[in-house]
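Hello,

Here is the structure I said I would pass on. Please open it alongside this email and follow the notes below.

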Amino acid sequence: MLDYQIIKKNELFKGIENNNLKSILSCLSAKVSVYKKGEYIYMAGENVYYIGILLKGQVVVLKEDENGNMNILSEISPGEMFGEALACAEIEISSVSVQAVETSEILLIDYKKIIKTCSSACTFHTLLIENMLKILARKTIMLNQKIEIVSKRTIREKLMTFLAIQKNITNSNVFTIPYNREQLSNYLYVDRSAMSRELGKMRDEGLIKFKKNRFEIIEH
């Protein structure tokens, strides 16, 4: 049985009433698939014809580097979507892989059913398209922020840029970041131990305070 509350958490369905959700999913030819731990939803180089919304479990988006190492680009939690950029660009061959970290239940939606008005002229399709555009715009901003961060030369510069962006997002010197240390090092493309040492130095120099994933930028 579908968990409509989880599905409603996704911005694609923002503004759509619960009693209309079932008919919309039918219109979109949505189906649920289950993937076991370690199983790939799809791999780089494969054709992709759908977007996914995670209902249960956890999946990661991976990218292989020139040495054959798989780097985590993002972690997908229940209610979140993946594959939408490929969908709207109509790029059927994926440049990334998506893998289940644990047994995961995923709602798969034919992307063409989202971006093209259905034959019955469903009144909700305009809203779906508007919501998708907002999702893509937000993710483009996030991608630009990441490019700004990882383009910095040193670990300290990467950390300070990342923390400054979090400060601007929250409009506060005190904020909680969405990553643990391992996830943050993957996000910044730096060695975890070296990053932890740099964080310690920055704290000792009075630049920041932190406890787990809660940070404070100290202004002088």
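Phe-13 touches many residues beyond its sequence neighbours within four places: Ile-7, Lys-8, Leu-21, Ile-24, Leu-25, Leu-28, Ile-53, Ile-109, Leu-128 and Asn-131. Please keep in mind that this is a predicted model.

Phe-13 belongs to the largest nonpolar core, which has 21 residues. Along with Leu-12, Ile-51 and Ile-109, Phe-13 is among the residues with the most contacts inside that core. At least two core residues come from each of these elements: α1 (4-8), α2 (18-27), β3, β8, α4 (111-115) and α5 (125-150). Helix α5 gives the largest share, 4 residues. Another core, of 17 residues, lies apart from this one, and its members include Ile-149, Phe-162, Leu-163 and Phe-175.

Next, the sheet. It is open and made of 4 strands in the order β1-β8-β3-β6, with antiparallel pairing. At the edges are β1 (31-35) and β6 (81-82), each of which pairs on one side only. As background, the strands of a sheet pair through backbone hydrogen bonds, and the pairing can be parallel or antiparallel. Strands β3 (residues 50-56) and β8 (residues 104-110) run antiparallel and are joined by 6 bridges. To find your way across this pair, look for Leu-54, which stands opposite Ile-106 in β8.

Leu-54 also leads to helix α1, where Ile-6 is found. Ile-6 and Leu-54 are 48 residues apart in sequence, while their C-alpha atoms are 8.5 Å apart in space. Ile-6 touches Leu-54, and also Leu-55, Pro-78 and Gly-79, leaving out residues up to four places away in sequence. Is Ile-6 buried or exposed? Ile-6 counts as buried because its relative accessibility is 16%, and the cut-off for buried is under 20%.

The last residue to look at is Ser-104, in strand β8. Its relative accessibility is 1%, so Ser-104 counts as buried too. Which backbone atoms does the side chain of Ser-104 reach? One is the backbone nitrogen of Gln-58, at 3.1 Å. Another is the backbone oxygen of Glu-102, at 2.7 Å. Setting aside neighbours within four places in sequence, Ser-104 is in contact with Ser-33, Val-34, Tyr-35, Leu-54, Lys-56, Gly-57, Gln-58 and Val-59. Leu-54 therefore appears in the contact lists of both Ile-6 and Ser-104, given that contact means heavy atoms within 4.5 Å.

Regards

Definitions and conventions: Residues numbered from 1 in each chain as written. Predicted model: local features only at pLDDT ≥ 70, side-chain atom pairs only at ≥ 80, totals over all residues. Heavy atoms only, no water. Pairing = 2+ DSSP bridges. Core = buried A, V, L, I, M, F, W, Y, C linked by side-chain atoms within 4.5 Å. Buried < 20%, exposed > 50% of the residue type's maximum accessible area, 1.4 Å probe, protein only. Polar contact = N/O pair within 3.5 Å; in protein donor to acceptor, adjacent residues only side chain to side chain.
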